[in-house]
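Colleague: Could you take me through the charged side chains of this model in some detail, and then through whatever else bears on the same parts of the chain?

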Amino acid sequence: MIEGPHCLGSMNGENKHYGTPKNPCAPDRVPGGSSSGSAVAVGAKLVDFSLGTDTGGSVRIPASHCGILGFRPSHGAISTTGVIPMAQSFDSVGWFARDPMILNRVGQVLLQLPEVDPVIPSQIIIAEDCFQLSTIPSDRVTEPLLKSVNKLFGGDLVKHAVLGDYVKEKVPSLKQFMIKGNFDQEYNIPSLAALASAVQLLLRYEFKNNHGEWISTVKPDLGPGISERVREALRATDENLDVCHSVKTELRAALNALFGDFGVLAIPTVPGPPPKLQSDPIPLEAFRAKASSLQSIAGVSGFCQVSIPLGRMYDNLPVAISLLAKHGSDGFLLNFVEILYDTLQEEVGIAEKKGY
């Protein structure tokens with residue numbers, strides 16, 4: 001099937017043709033982007049794991065919204081042969097699970113990973129500014145992670161960074177996109193919003209090349225929101241495409257330097273709890289813009305990312321945190337999640353008892 005990531009399609013999973021899959025954690029809330037059916041099946045305990053496609057967040061966002069684990073692998077690590085392309089620069093095949101052991105085992109099969117001993121991360125980097133994007137107080141999301149890492153490995157592993165400033169300094173090609181957009185700090189982090197703009201430009205161009213002729217000929221009946229974005233994509237040109245590719249190269253190099261050999265970056269998966277079904281489009285657009293910035297970090301760098309549920313510690317709604325590791329470090333990240341998970345859930349339980 002053709003995926004509808006948040007840059008072109010719906011990040012919510014609302015579908016006018018077939019209905020919206022019911023979020024098992026919060027039935028009055030959206031289940032997340034185009035792979036939401038797969039996420040709902042896992043979240044509702046119908047299956048132990050499921051597959052999904054992720055171009056702009058359509059595994060990571062539904063995983064967060066449905067309170068389960070979701071893994072987007074390093075770009076190109078799993079073949080997309082047989083999958084109708086959306087935008088080859090970002091397309092990936094990911095998966096969902098409730099159990100970190102199953103998440104890891106599925107990854108070992110799909111990625112054809114050898115059995116290796118787990119490696120302790122060299123550092124856990126907390127992207128402080130990214131957590132400020134969320135409507136959930138940052139300490140509620142980061143505290144269980146910090147306490148878990150301290151228990152398992154000691155507090156020396158934890159570092160703090162202002163990711164937006166680092167990206168702005170180390171990815172000079174982004175200036176081209178920061179000039180054109182309106183990046184209000186209240187809405188977003190300027191350099192990461194620019195990153196999302198670069199994603200959108202390249203994604204639209206590749207989508208047009210893949211599907212423009214079919215859409216112009218068949219004129220399919222598309223849902224609200226999606227039809228407008230598809231029309232925008234059909235107007236895409238190759239202007240600034242070379243800059244987009246420079247951004248990809250520079251960001252990967254910059255994050256490689258930041259992470260070191262076995263560093264892990266922590267960010268919120270999404271900027272808050274799942275929105276209500278049929279939400280007002282204005283606040284929904286603000287949510288979408290912030291989510292696009294967060295999703296674009298792994299999207300542009302090609303790094304692997306896992307979304308980990310943190311229970312319902314905020315208004316009894318699902319909350320998640322994401323961990324990213326370098327391109328090709330999928331096995332390392334899957335092993336780390338399996339080691340971390342039980343302690344993290346214990347800390348989440350303690351936080352929930354505090355009345356969070």
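Modeller: What follows starts with the salt bridges and then turns to a charged patch, the cysteines, one strand residue and two loop residues. The model is a predicted one, with local features taken only where pLDDT is at least 70 and side-chain atom pairs only at pLDDT 80 or more.

A search of the whole structure finds eight salt bridges, and Asp 54, Arg 60 and Arg 72 are linked in a network of such contacts. In this network the side chain of Asp 54 meets that of Arg 60 with an N to O distance of 2.8 Å, and both Asp 54 and Arg 60 are buried. Asp 54 also forms a salt bridge with Arg 72, here at 2.9 Å from N to O, and this pair links distant parts of the chain, since Asp 54 lies in the loop between β1 (49–53) and α2 (60–66) while Arg 72 is in strand β2 (residues 69–72), 18 residues apart. Asp 54 counts as buried because its relative accessibility is 0%, and Arg 72 counts as buried because its relative accessibility is 0%.

Another salt bridge joins the side chains of Glu 347 and Lys 151, with 2.7 Å between N and O. This pair, too, links distant parts of the chain, with Glu 347 in helix α12 and Lys 151 in helix α5 (residues 138–153), 196 residues apart. The two partners sit in opposite surroundings: Glu 347 has 6% relative accessibility and therefore counts as buried, whereas Lys 151 has 53% and therefore counts as exposed.

Helix α12, which spans residues 330–353, also holds Asp 342. With a relative accessibility of 53%, Asp 342 counts as exposed, and together with Asp 99, Glu 338 and Glu 346 this residue forms a negative surface patch.

The cysteines can be treated briefly, as a search of the whole structure finds zero disulfides. For Cys 66 the reason is one of distance, because the closest cysteine sulfur, in Cys 25, is 6.6 Å from the sulfur of Cys 66 and is too far for a bond, when a disulfide would need the two sulfur atoms within 2.5 Å. Cys 66 counts as buried at 1% relative accessibility, and Cys 244 likewise counts as buried, at 2%.

Among the strand residues, Ala 266 belongs to β6 (residues 263–268) and counts as buried, with a relative accessibility of 0%. The C-alpha atom of Ala 266 is separated by 5.7 Å from that of Ser 322, although the two residues are 56 residues apart along the chain.

Finally, two loop residues deserve a look for their backbone angles. Most residues other than glycine have a negative phi. Gln 112, which is not a glycine, nevertheless has a positive phi of about 55°; its place is in the loop between α3 (100–111) and β4 (123–127), and with a relative accessible area of 70% Gln 112 is exposed. Asp 315 also has a positive phi, near 55°, and is likewise a residue other than glycine. Asp 315 is placed in the loop between β7 (304–309) and β8 (320–325), and a relative accessible area of 58% makes Asp 315 exposed.

Methods. Residues numbered from 1 in each chain as written. Heavy atoms only, no water. Patch = residues over 30% accessible without salt bridge, like charges linked within 9 Å, V, L, I, M, F, W, Y side chains within 5 Å. Areas by Shrake-Rupley, 256 points an atom, 1.4 Å probe, with all protein chains shown as cover. Salt bridge = Lys/Arg side-chain N within 4 Å of Asp/Glu carboxyl O. Lys, Arg positive; Asp, Glu negative; His and termini not counted. Charge placed at Lys NZ, Arg CZ, Asp CG, Glu CD. Helix = DSSP H or I, 4+ residues; strand = E, 2+ residues; numbered from the N terminus. Buried < 20%, exposed > 50% of the residue type's maximum accessible area, 1.4 Å probe, protein only.
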